[in-house]
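Reader: I would like a close look at a single part of this model, namely one pair of packed helices. Please take me through how the two are arranged and which residues bring them together.

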Amino acid sequence: DNIRSAFRDKDAFPIYAANFFYISGFAFFTSFVGILLVNRFSQSEAQIGSFFGFVGIWIVITQVFILRFLSSRYTEIAIVRIALFLLASTIVFYPFAPNMLWLFATVPFTAIPNGLSMANMTALVSKSVSAEKQGAALGINGSLGALSNGLVPLLAGFGSGFLGITAPFFCGGLLVVLAWGMMV
């Protein structure tokens with residue numbers, strides 16, 4: 001029902017759609033970066049956990065410090081436009097990284113734009129509707145996020161089986177570019 005509501009809300013639909021594409025694109029990354037770490041760089045479970053922990057640290061730094069600084073100077077839409085472009089660019093880079101050092105060096109360029117996008121897309125959803133509809137809008141947005149996080153691993157699994165391990169990263173980058181295109 002929430003997903004049908006998203007299609008009916010003409011004012012908020014572009015933000016819902018952009019957020020769906022953004023979340024889906026990042027889900028391609030999170031679903032397959034662990035597989036890439038194992039297949040290409042022979043990383044153990046603990047090393048993969050450390051990698052994701054490093055990503056998480058950068059997202060926290062972004063939302064505690066960087067977001068506060070940028071949001072006092074720029075609008076949500078301005079931040080999202082730059083952040084989504086940077087995120088799409090770095091997601092497609094991962095399969096071409098020559099070693100783990102490169103991947104760790106790339107993490108801030110993935111995590112910072114993701115942290116900025118995450119917070120500002122939610123703010124844009126909230127601002128796209130009246131005060132009375134904000135709770136419903138955030139619920140709809142949550143449902144769309146859950147849908148994308150449920151569908152992506154399935155699609156990415158089949159896609160990578162046929163097209164190789166780089167396919168999920170290209171699909172993820174493409175979806176984030178679609179989200180960016182809807183915000184320009």
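Author: What follows is an account of one helix pair. The model is predicted, so that local features need pLDDT of at least 70 and side-chain atom pairs count only at pLDDT 80 or more, while totals for chains, interfaces and linings use all residues. Residues are numbered from 1 along each chain as its sequence is written, and side-chain values use heavy atoms, with hydrogens and water left out.

Two packed helices are described by the angle between their axes and the distance between the axes. Here helix 4 (residues 76-91) and helix 7 (residues 167-183), both DSSP runs (H or I, at least four residues) numbered from the N terminus, have axes that come within 8 Å and cross at roughly 160°. These axes are lines fitted to C-alpha atoms over the stretch in contact, with angles from 0 to 180 degrees between N-to-C directions. Helix 4 and helix 7 are therefore roughly antiparallel, a term for angles over 145 degrees.

The contact (heavy atoms within 4.5 Å) involves, among others, Ile77, Leu84 and Ile91 of helix 4 and Phe169, Val176 and Met183 of helix 7. Its residues divide into 13 nonpolar, 2 polar and 1 charged, where Ala, Val, Leu, Ile, Met, Phe, Trp, Tyr, Cys and Pro count as nonpolar, Asp, Glu, Lys and Arg as charged, and the others, Gly among them, as polar.

Within helix 7, the buried residues (under 20% relative accessible area, 1.4 Å probe, protein chains only) include Phe169, Gly172, Gly173, Val176, Ala179 and Met183.

Conventions
Helices (H or I, at least four residues) and strands (E, at least two) are DSSP runs, numbered from the N terminus. Angles under 35 degrees count as roughly parallel, over 145 as roughly antiparallel, 65 to 115 as roughly perpendicular and the rest as oblique. Buried means under 20% relative accessible area, exposed over 50%, partly exposed in between (1.4 Å probe, protein chains only).
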